[in-house]
Amino acid sequence: MKRTLGTCYYPEHWPRSIWEEDARRMVEAGLTWVRIGEFAWSQLEPSPNQYEFDWLDDAIEVLGRAGLKVVLGTPTATPPRWMVDRHPDMLAVDAQGRPRKFGSRRHYCFSHEGYKAECATMVAKLAERYGRNPHVAAWQTDNEFGCHDTTISYSEAARKAFQSWLRVRYPSDGNDGDIAALNQAWGNVFWSMVYDDFDQVDLPNLTVTEANPSHSLAFRLFSSDQVVAFNKLQVEIIRASSDAPITHNYMGRITDFDHFKVGEDLDIASWDSYPLGFLEDRVGADDERQRRFARQGDPDFQAFHHDLYRAVGRGRWWVMEQQPGPVNWAPYNPEPLPGMVRLWTWEAFAHGAEAVCYFRWRQSPMAQEQMHAGLLRPDSIAAPGLDEAIEVAKEISNAPDVAPLQSTVALLFDYDADAAWTVQPHGEGLSYFDLVFSQYRALRSLGLSVDILPTSCRDFDQYELIVAGGLVHMARELKLALANCAAEVFVGPRSGARTGDMRIPVPLPPDLPNFDVTVARVESLRPDMPVNLDGEGLIEGFREKLTGSVEVSIRSEDGSPVVMRSNHLSYVGSCLDLTGWRRLFRNACAKRNIAIVELPDAVRIRDTQTERFWFNSDPIAHDVDGMALPPISVTWQKMPVK
């Protein structure tokens, strides 16, 4: 697999007279890809049914003639003003019942049939015109599904679509669904919430106190399916006219729709990597960690998403937008330390990225992103990120193709579990993402490369260590596959805790095959009430009372079981701190003879078949396992990795 670079460009923002010069400079910088068009609807259709494609024809020709490959985006994230006038009820509605307004982006509701029809028409026009264009080498659908809290809409269109979705979820022998089945599944006898017809089912917002968690979970799953269907509509239209691969650019820590399901219809997964913005906005780091990594980004957050989107893309994935300098949207927006743009780029390549594209080519002098750095300043003078991109381009021209490595360690990730935790966190600040990310961080801190897998996976033969935390609903087939595999397996906490309809199952969880452990009760803990483990580590946030006859491998300081084990299978009944997870995984690696490297907080490893990459995001040097790592550096060694 060849490593390539690219950028994001907006020819409609710049005078026609500089397009050729921009294209020439992109090629001279070593770039291959240029993404265009994803926000250009008002320039393509300035009024209903008045299409203006000549400028886009020209831009694609200029870029392609210079030797660049175009990624053409569908502009459906930015419906123009006339569209809102034409369909005033297409606007998404927030949980307080307030319609979103025109004036930024992503203001549409995924359930609005009129808007979907408009999107289908625009995508068809683009696909028919450019589907066989030799310069259009890939497509991107929409832009950043779910960004700005836009997956879930409480509109009238969503209410009607939700009712139709429920009829399919709870079918009857006829065509109208079985409302009695819904009432039974949701436990609507509680608080007299019984419905006589699906048309009575409203959306789970603006209730006096919390809505039925079964209702809330169903609505989140429905909302996810609406994103999947919206993406699929565009993909099918493009495929009818083009053989070029199709991607979507996901975001960091957007978990309110199922990326794996969206990815089933795509050829490539891509995501938008903003390490400094995410540290302030999404990682959840404390003040000390934010200060320490303010100019580098969290050492594990980008890597986690690289591995996640490699799984979503079934091995094929890109970074569609890579931060090249300060951004504009986080609480604070510092400048990266020199060398970090190069480090972030190589980190993506080490995890298997086919392409890394920098956002954006030239900083905008206008509108919402005028404080967002690009590879060029607004006056076209090179910004610091361009020099680092050029350096990477020279390095990859002499580097061998990527040979991805099958890891021995797997971590399961499930968007439905995230939905269940969001509906019923049980304690302030508890989240599925934080649990899984803490497990991932612990594995990476031991020098391990990690494969992230969907919960649809049933074949675990190639793995020695599998971590399946927080899977609120576990299919029986998944439980059997984990119980019958040969790997060291850790399940929990909160795994198997609910049915697919958000009810407590009987037998009580985790109900693993031939595994006598029961979660008798649970508690959430205040942040200032951690519980010491017997030995190193803490219980933080969430704790289960475990009973059963199998071996207790870790207890709390008061003697209560925390981890219970039988043969290769362990159930973890608490959320642990980093020290606790490291202890657990270190011991498991020792049992399986999995080599580990104890790493400083700012140093990480990623293995390919032929290279071991070392990343030091610390402004001081480190000497680790015989490797001298300069400050802010990428170092790799040629080695056969077993």
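**Overall build and internal cavities**

Of the 642 residues in the chain, 61% are buried in this predicted model. The secondary structure comprises 18 helices and 24 strands. A compact globule with 642 residues would have a radius of gyration near 26 Å, and the chain agrees with this at 25 Å. The C-alpha trace extends over about 75 × 70 × 40 Å along its principal axes. Among contacts with a separation of 6 or more, 70% join residues 24 or more positions apart. The surface tells its own part of the story: about 24900 Å² is exposed, with carbon and sulfur atoms supplying 50% of that area.

Turning to the interior, rolling a probe the size of a water molecule over the atoms shows where empty space is left. Four cavities of 30 Å³ or more are found in the structure. The largest cavity holds about 90 Å³ of space. It is lined by 14 residues, of which Asp298, Pro299, Leu343, Glu347 and Ser617 lie closest to its centre. Helix H13 (residues 340-350) contributes the most to this lining, with four residues. By class, the lining of the largest cavity contains six nonpolar, four polar and four charged residues.

The second largest cavity encloses about 60 Å³. Its lining is made up of Cys109, Phe110, Ser111, Thr151, Ile152, Ser153, Ala158, Phe222, Ser223 and Gln226. Here helix H8 (residues 213-239) gives the most, with three residues. Charged residues are absent from the lining of the second largest cavity, which divides into five nonpolar and five polar residues.

Note on methods:
Residues are numbered from 1 along each chain as its sequence is written. This is a predicted model: local features need pLDDT of at least 70, side-chain atom pairs count only at pLDDT 80 or more; totals for chains, interfaces and linings use all residues. Side-chain values use heavy atoms; hydrogens and water are left out. On a 1 Å grid over the protein atoms alone, a cavity is a set of points where a 1.4 Å probe fits but cannot get out, and a pocket is an open set with protein on both sides within 12 Å along at least five of seven lines; lining residues have an atom within 4 Å of a point. Grid points are joined across faces, edges and corners, and a volume is the space filled by probe spheres set on the points. Helices (H or I, at least four residues) and strands (E, at least two) are DSSP runs, numbered from the N terminus. Ala, Val, Leu, Ile, Met, Phe, Trp, Tyr, Cys and Pro count as nonpolar, Asp, Glu, Lys and Arg as charged, and the others, Gly among them, as polar. The radius of gyration is taken over C-alpha atoms; the globule rule is 2.2 Å times the number of residues to the power 0.38. Buried means under 20% relative accessible area, exposed over 50%, partly exposed in between (1.4 Å probe, protein chains only). Contact means heavy atoms within 4.5 Å. Accessible areas come from the Shrake-Rupley method with a 1.4 Å probe; for residues, only the protein chains shown count as cover.
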